[in-house]
Amino acid sequence: MAVQIKHLLKQYDLRHTSCRADTLKAFLGSPFALSNADIEQAVGKEYDRVTVYRTLKTFLEKGVIHKVLDDSSTLKYALCAHTCNEASHNHEHVHFKCEACGNTTCLENVQIPALKLPQGYQVHETNLLIQGQCPNCR
C-alpha cells in the first residue's frame, strides 16, 4: 500500500506528508465513502482537525477525491476512480446508500442517465443517490 500511496501523491504532484499518506491509506482501505469524522478516526489523534481539513481540501482541488452526497447532512468523500485533475472532475456515476449499515458506495459502472433540462439551465454537476440494502446487509 505504501507504494500505491507514493504513486498517487506523485501522480497528483503532491508533496509526501505523513497526514496525506495516512489519509490516503484510510481511503484505500475503505470500500465506501468516508466522512470527515471517519477520516479523523482512521488517522488517529496524531493530526488536528485543521490539518485533516486542509488535506481533504487539497485532495479535492487536485482531483484525488470527490464529494459524495447522501441523504444525511454529513459530507462524505471517496477516491476518484478515474484520472481527475484540477481542471476536470468526472463523477457522473451513481451513489448507493445502504439503509441498514449506512455506508455509501460509488457505483462506477452505473451511469447517471442523460437529462434534458429546460432552456436556460446549465448543469455543473449531477448527483444520483439510490437507497436500499447493500449485498452485505441483504
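Q: In this predicted model, does Lys 97 count as buried or exposed, and at what relative accessibility?
A: The cut-off for a buried residue is under 20% relative accessible area. Lys 97 is found in strand E4. Because its relative accessibility falls under that cut-off, Lys 97 counts as buried, at 14%.

Q: How many residues of E4 are buried?
A: Lys 97 belongs to strand E4, and the burial of this strand can be stated as a count. E4 is largely enclosed by the rest of the structure, because its buried residues number 6 of the 6.

Q: Which residues stand opposite Lys 97 in E5 and in E6?
A: E4, the strand of Lys 97, is joined to E5 by 5 bridges and to E6 by 5 bridges. In E5, the residue opposite Lys 97 is Thr 104. In E6, the residue opposite Lys 97 is Gln 131.

Q: With which residues is Lys 97 in contact, leaving aside its neighbours within four places in sequence?
A: The contacts of Lys 97 include Thr 104 and Gln 131, which stand opposite Lys 97 in E5 and in E6. Leaving aside neighbours within four places in sequence, the full set for Lys 97 is Asp 70, Asp 71, Ser 72, Gly 102, Asn 103, Thr 104, Leu 129, Ile 130, Gln 131 and Gly 132.

Q: What is the strand order of the open sheet that has mixed pairing?
A: E4 (residues 93–98) and E5 (residues 104–111) run antiparallel, whereas E4 and E6 run parallel. E5 and E6 (128–132) stand at the edges with a single partner strand each, so one side of each is left without a neighbour in the sheet. Neighbouring strands are turned by 30° against each other on average, direction ignored. The order of this open sheet of 3 strands is E5-E4-E6.

Q: Which residue in the turn between E4 and E5 has a positive phi?
A: E4 and E5 form a hairpin with 5 residues between them. Phe 96 has Thr 105 as its bridge partner in E5. In the turn, a positive phi of about 85° belongs to Gly 102.

Q: What is the strand order of the open sheet with antiparallel pairing?
A: E2 and E3 (residues 76–79) run antiparallel and are joined by 4 bridges, and His 66 has Ala 78 as its bridge partner in E3. The edge strands are E1 (34–35) and E2 (65–68), each of which pairs on one side only. This open sheet of 3 strands has the order E1-E3-E2.

Q: What separates the C-alpha atoms of Leu 69 and Leu 129?
A: Leu 69 is placed in the loop between E2 and E3 and counts as partly exposed because its relative accessibility is 39%. Leaving aside neighbours within four places in sequence, Leu 69 is in contact with Leu 75, Asn 127 and Leu 129. Leu 69 and Leu 129 are 60 residues apart along the chain, and their C-alpha atoms are separated by 7.6 Å.

Q: At roughly what angle do the axes of H2 and H4 cross?
A: The residues Cys 19, Arg 20, Thr 23, Leu 24 and Phe 27 in H2 meet Thr 51, Val 52, Thr 55, Leu 56, Thr 58 and Phe 59 in H4. The crossing of H2 and H4 is right-handed. The two axes come within 10 Å and cross at roughly 70°. That angle makes H2, relative to H4, roughly perpendicular.

Q: At about what angle does H4 run to E2?
A: H4 meets H2 through residues that include Thr 55 and Phe 59. H4 also lies across E2 and E3, and its angle to E2 is about 105°.

Q: Which helix supplies the largest share of the largest nonpolar core?
A: This core has 21 residues, and those with the most contacts inside it are Ile 39 and Ile 65. At least two residues each come from H1 (2–11), H2 (18–28), H3 (36–43) and H4 (49–62). The largest share, 5 residues, comes from H2.

Key: Residues are numbered from 1 along each chain as its sequence is written. This is a predicted model: local features need pLDDT of at least 70, side-chain atom pairs count only at pLDDT 80 or more; totals for chains, interfaces and linings use all residues. Side-chain values use heavy atoms; hydrogens and water are left out. A nonpolar core is a set of buried Ala, Val, Leu, Ile, Met, Phe, Trp, Tyr and Cys residues joined through side-chain atoms within 4.5 Å. Buried means under 20% relative accessible area, exposed over 50%, partly exposed in between (1.4 Å probe, protein chains only). Two strands pair if DSSP finds at least two bridges between them. Axes are lines fitted to C-alpha atoms, for helices over the stretch in contact, and angles run from 0 to 180 degrees between N-to-C directions. Angles under 35 degrees count as roughly parallel, over 145 as roughly antiparallel, 65 to 115 as roughly perpendicular and the rest as oblique. A crossing is left-handed if the near helix is turned anticlockwise from the far one by less than a right angle, and right-handed if clockwise. Contact means heavy atoms within 4.5 Å.
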